[in-house]
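This note is written for a colleague who is meeting the structure for the first time. Please read the numbered points with the model open alongside.

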Amino acid sequence: MPVVTFKAGGADNCARVAGLPYVYIRTEAGGSVLPASCPHRGGPLNLGTPDPTGRRLVCPWHERGSSLSRLRRQVPAVRSGDTVTAVLPGPADADTELCHLPLSPALAAGA
Ligand code: FES
């Protein structure tokens with residue numbers, strides 16, 4: 001599994017491993033690294049919104065909710081200052097690159 005350090009916000013706030021994006025988000029429950037690709041059909045979870053309970057992240061494409069706790073369990077991570085280091089799924093030698101993905105206001109600010 002690749003261990004990748006990237007920015008918690010702004011430029012290079014996304015790590016792609018074998019083409020799959022991961023971003024750091026902030027919710028009322030705290031910050032965490034999540035897959036930015038919806039498990040339904042790959043919609044942009046980075047543009048999703050927590051539901052009123054704060055337990056599910058609602059995808060903007062088909063409005064399905066994904067469990068935030070399940071998504072968090074997929075990516076162990078620790079934040080230090082403005083960077084985050086995450087253990088991302090995939091083989092250790094998988095292609096990894098940093099990029100930028102926009103976040104919905106709710107995920108950028110921890111609504
Ligand atoms: S792609 Fe996310 S709900 Fe369908």
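1. A term is needed at the outset: two strands are said to pair if DSSP finds at least two bridges between them. In that sense, β1, β9 and β8 make up an open sheet of three strands, in the order β1-β9-β8 and with antiparallel pairing. β1 and β8 stand at the edges, each with a single partner strand, so one side of each is left without a neighbour in the sheet. From one strand to the next, the twist averages 20°. The reader should bear in mind that this is a predicted model.

2. The overall composition is as follows. Two helices and 10 strands are found in the chain. Their order along the sequence is β-β-β-β-β-β-β-α-β-β-β-α. The radius of gyration is 13 Å, close to the 13 Å that the globule rule gives for 111 residues, so the chain is as compact as a globular protein of that length. Taken along the principal axes, the box filled by the C-alpha atoms is roughly 40 × 30 × 25 Å.

3. Two figures describe burial and contacts in the chain. Of its 111 residues, 30% count as buried. Among contacts with a separation of 6 or more, 54% are made by residues 24 or more positions apart.

4. The three-stranded sheet can be followed pair by pair. β1 and β9 run antiparallel and are joined by five bridges. Within this pair, Val-3 has Val-87 of β9 as its bridge partner, and Thr-5 has Thr-85 of β9. On the other side of the order, β8, residues 77–80, pairs with β9 in the antiparallel sense over four bridges. Ser-80 is matched by Thr-83 in β9. β8 and β9 also form a hairpin with two residues between them, and Gly-81 in the turn has a positive phi of about 65°.

5. The two faces of β9 deserve attention. In a regular strand the side chains alternate between the two faces of the sheet. For β9, the covered face carries Val-84 and Ala-86, whereas Thr-83, Thr-85 and Val-87 lie on the uncovered one.

6. A second open sheet has four strands in the order β4-β3-β2-β10, again with antiparallel pairing. Here β4 and β10 stand at the edges with a single partner strand each, so one side of each is left without a neighbour in the sheet. Neighbouring strands are turned by 25° against each other on average, direction ignored.

7. Hairpins connect successive strands of this second sheet. β2 and β3 pair in the antiparallel sense over four bridges, and Val-17 has Leu-20 of β3 as its bridge partner. The hairpin of β2 and β3 has two residues between the strands, and Ala-18 in the turn shows a positive phi of about 50°. β3 and β4 are likewise antiparallel, with six bridges, and a hairpin joins them through two residues. In this pair, Tyr-22 faces Pro-35 of β4, while Tyr-24 stands opposite Val-33 of β4.

8. Which residues have the most contacts inside the largest nonpolar core? They are Ala-15, Tyr-22, Val-23, Val-33, Leu-34 and Ala-86, in a core of 24 residues. The elements giving two or more residues to this core are β1 (3–7), β2 (14–17), β3 (20–27), β4 (30–35) and β9 (83–87). β3 gives the most, with four residues. As a general point, nonpolar side chains tend to be buried together in soluble globular proteins.

9. Val-33 merits a closer look. Apart from neighbours within four places in sequence, Val-33 is in contact with Tyr-22, Val-23, Tyr-24, Val-75, Ala-77, Val-84 and Ala-86. Of these partners, Val-84 and Ala-86 form the covered face of β9.

10. Finally, where does Ser-104 lie? This residue is in the loop between β10 (96–99) and α2 (105–109). Ser-104 counts as partly exposed because 19 C-beta neighbours are inside 10 Å; the count for a buried residue is 20 or more. Beyond neighbours within four places in sequence, Ser-104 is in contact with Leu-47, Gly-48 and Thr-49. Thr-49 is 55 residues away from Ser-104 along the chain, yet their C-alpha atoms are separated by 7.0 Å.

Methods. Residues are numbered from 1 along each chain as its sequence is written. This is a predicted model: local features need pLDDT of at least 70, side-chain atom pairs count only at pLDDT 80 or more; totals for chains, interfaces and linings use all residues. The radius of gyration is taken over C-alpha atoms; the globule rule is 2.2 Å times the number of residues to the power 0.38. A residue is buried if 20 or more other C-beta atoms lie within 10 Å of its own, exposed if 12 or fewer, and partly exposed in between; C-beta atoms are placed from the backbone. Two residues are in contact if their C-beta atoms, placed from the backbone, lie within 7 Å. A nonpolar core is a set of buried Ala, Val, Leu, Ile, Met, Phe, Trp, Tyr and Cys residues joined through C-beta atoms within 7 Å. Axes are lines fitted to C-alpha atoms, for helices over the stretch in contact, and angles run from 0 to 180 degrees between N-to-C directions.
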